[in-house]
Amino acid sequence: MKYAVLGAGNVGQAISGWLAMHDHEVWLYEIVEEKVVALAKKKEIHLQGALEGVGKLANVSNDIQ
């Protein structure tokens with residue numbers, strides 16, 4: 001399934017990582033460019049704590065188009 005997550009704050013990243021870890025295609029959008037620069041290069045989120053693993057994102061952008 002494909003998902004678009006709007007907002008790359010703590011919750012947005014946790015949801016994106018969890019969905020991606022479960023083999024969903026995830027596009028993460030954040031309006032603030034500084035928040036997505038590092039994520040856009042790696043396109044992955046490392047989850048630690050109650051959830052452990054790495055989610056590979058399909059795309060990360062500050063362009064909603």
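This passage describes the sheet, the largest pocket and one helical residue of a predicted model.

The sheet is open and is formed by 3 strands, arranged in the order β1-β2-β5 with parallel pairing. Strands β1 (2-6) and β5 (59-61) stand at the edges; each has a single partner strand, so one side of each is left without a neighbour in the sheet. From one strand to the next, the twist averages 15 degrees. Strands of a sheet pair through backbone hydrogen bonds, in either a parallel or an antiparallel arrangement. Here, β2 (residues 25-29) pairs with β5 in the parallel sense over 3 bridges. Within this part of the sheet, Tyr29 has Ser61 of β5 as its bridge partner.

The strands of the sheet also contribute to the largest pocket, with β1, β2 and β5 each supplying at least two residues of its lining. The space in the largest pocket amounts to about 160 Å³. Its lining includes Ala4, Val5 and Leu6, together with Trp27, Leu28 and Tyr29. Asn59, Val60 and Ser61 likewise line the largest pocket, as do Asp63, Ile64 and Gln65. Both Tyr29 and Ser61, the bridge partners noted above, are thus named among the lining residues. By residue class, the lining comprises 8 nonpolar, 3 polar and 1 charged.

Helix α2 (residues 33-42) contains Glu34. Glu34 has a relative accessible area of 65% and is therefore classed as exposed, the cut-off for this class being over 50%. The C-alpha atoms of Glu34 and Asn62 are separated by 9.1 Å, although the two residues are 28 residues apart along the chain.

Key. Residues are numbered from 1 along each chain as its sequence is written. This is a predicted model: local features need pLDDT of at least 70, side-chain atom pairs count only at pLDDT 80 or more; totals for chains, interfaces and linings use all residues. Side-chain values use heavy atoms; hydrogens and water are left out. Two strands pair if DSSP finds at least two bridges between them. Helices (H or I, at least four residues) and strands (E, at least two) are DSSP runs, numbered from the N terminus. Axes are lines fitted to C-alpha atoms, for helices over the stretch in contact, and angles run from 0 to 180 degrees between N-to-C directions. On a 1 Å grid over the protein atoms alone, a cavity is a set of points where a 1.4 Å probe fits but cannot get out, and a pocket is an open set with protein on both sides within 12 Å along at least five of seven lines; lining residues have an atom within 4 Å of a point. Grid points are joined across faces, edges and corners, and a volume is the space filled by probe spheres set on the points. Ala, Val, Leu, Ile, Met, Phe, Trp, Tyr, Cys and Pro count as nonpolar, Asp, Glu, Lys and Arg as charged, and the others, Gly among them, as polar. Buried means under 20% relative accessible area, exposed over 50%, partly exposed in between (1.4 Å probe, protein chains only).
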